[in-house]
Amino acid sequence: MGDPVEVWSLADKAFMSRALVLARMGLGETQPNPSVGCVLVRDGLIVGEGRTQAGGRPHGEAMALAMAGSNAAGSHAYVTLEPCAHESARGPACSSSLIAAGVAAVTLSVLDPDPRTRGIGASRLEAAGVQVRLGLLEQEGRAQIAGFEKRLRTGLPWVHLGRDDGTFDAVLTAGLHVELAAHLAQLGAQGAMRVCLVAGSPIAEMATALNLVDSAD
């Protein structure tokens with residue numbers, strides 16, 4: 001799926017790096033949806049960019065398309081996560097919106113782990129004649145959606161032990177009146193993807209003992 005790319009250009013890397021920066025700016029604000037960055041480039045210049053907004057909508061692609069306006073036609077979209085394929089009462093599928101705007105090419109960092117979209121969004125773009133390339137700065141892209149992927153796979157958010165840098169969906173510092181794993185499952189059900197346990201707190205020690213920690217400072 002998507003054209004194989006042996007060597008990415010410096011421009012490709014720069015535009016995707018910008019999309020990843022945009023996505024990072026939304027971490028901790030977009031649950032239950034992942035934060036996605038999108039950059040639209042036409043004739044070598046950025047004509048639109050955006051990230052997923054607070055509460056999960058609008059998506060990054062929608063924000064970038066709104067900024068670009070008519071300049072989106074014939075542009076190249078750099079997106080940190082595969083554009084969604086499923087319709088929502090809160091907005092149209094981003095893959096459909098990119099097609100409708102006349103985007104000529106889409107470069108993705110990673111495919112969406114959500115089964116409602118995985119591979120479908122990219123296939124829809126290709127079927128409409130849009131060039132699709134996959135895997136640009138893939139390691140960085142996967143790191144950004146680690147919490148989203150884990151929640152989809154296990155129902156639990158990604159648990160980080162360390163300092164709160166302002167990018168988490170929830171920060172836990174005190175003890176709980178309920179079992180920790182159950183509380184994490186409750187947070188996951190509410191849409192949380194990334195949770196920080198402040199180092200040195202009783203709850204952090206509990207998480208370490210129960211092997212619930214995914215990453216640490």
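## Exercises on a predicted model

In strand β2, glycine 50 is the bridge partner of cysteine 38. Keep in mind that you're looking at a predicted model. Let's work outwards from that pair.

**Exercise 1.** Find out how β1 and β2 run relative to each other, parallel or antiparallel, and what joins them.

*Solution.*
- Start with the ranges: β1 covers residues 37-42, and β2 covers residues 45-51.
- Next, look at the pairing: the two strands run antiparallel, joined by 6 bridges.
- Now check the connection. β1 and β2 make a hairpin, with 2 residues between them.
- One last detail in that turn: aspartate 43 has a positive phi of about 55°.

**Exercise 2.** Work out which residue of β3 stands opposite valine 39, and say whether β1 is mostly covered or not.

*Solution.*
- Go to β3, residues 76-81, which pairs with β1 in the antiparallel sense over 4 bridges.
- Within β3, the residue opposite valine 39 is tyrosine 78.
- So β1 has β2 as one partner and β3 as another.
- As for cover, 5 of the 6 residues of β1 are buried, so the strand is mostly covered; buried here means under 20% relative accessible area.

**Exercise 3.** Locate arginine 118, decide whether to call it buried, exposed or partly exposed, and list what it touches beyond its sequence neighbours.

*Solution.*
- Arginine 118 sits in the loop between β4 (105-110) and α4 (120-127).
- Its relative accessible area is 46%. Buried needs a value under 20% and exposed one over 50%, so arginine 118 counts as partly exposed.
- Set aside the neighbours within four places in sequence, and arginine 118 is in contact with Glu82, Leu111, Asp112 and Pro113.
- Also try proline 83: it is 35 residues away from arginine 118 along the chain, yet their C-alpha atoms are separated by 9.2 Å.

**Exercise 4.** Step back to the whole chain: how does its radius of gyration fit that of a compact globule, and what share of its residues is buried?

*Solution.*
- Count the elements: the protein chain has 8 helices and 9 strands.
- For 217 residues, a compact globule would have a radius of gyration near 17 Å; the chain has 18 Å, so the two agree.
- Along the principal axes, the C-alpha atoms fill a box of roughly 55 × 35 × 30 Å.
- On burial, 49% of the 217 residues count as buried.
- Finally, take the contacts between residues at least 6 apart in sequence: 75% of them join residues at least 24 apart.

How values were computed
Residues are numbered from 1 along each chain as its sequence is written. This is a predicted model: local features need pLDDT of at least 70, side-chain atom pairs count only at pLDDT 80 or more; totals for chains, interfaces and linings use all residues. Side-chain values use heavy atoms; hydrogens and water are left out. The radius of gyration is taken over C-alpha atoms; the globule rule is 2.2 Å times the number of residues to the power 0.38. Buried means under 20% relative accessible area, exposed over 50%, partly exposed in between (1.4 Å probe, protein chains only). Contact means heavy atoms within 4.5 Å. Two strands pair if DSSP finds at least two bridges between them.
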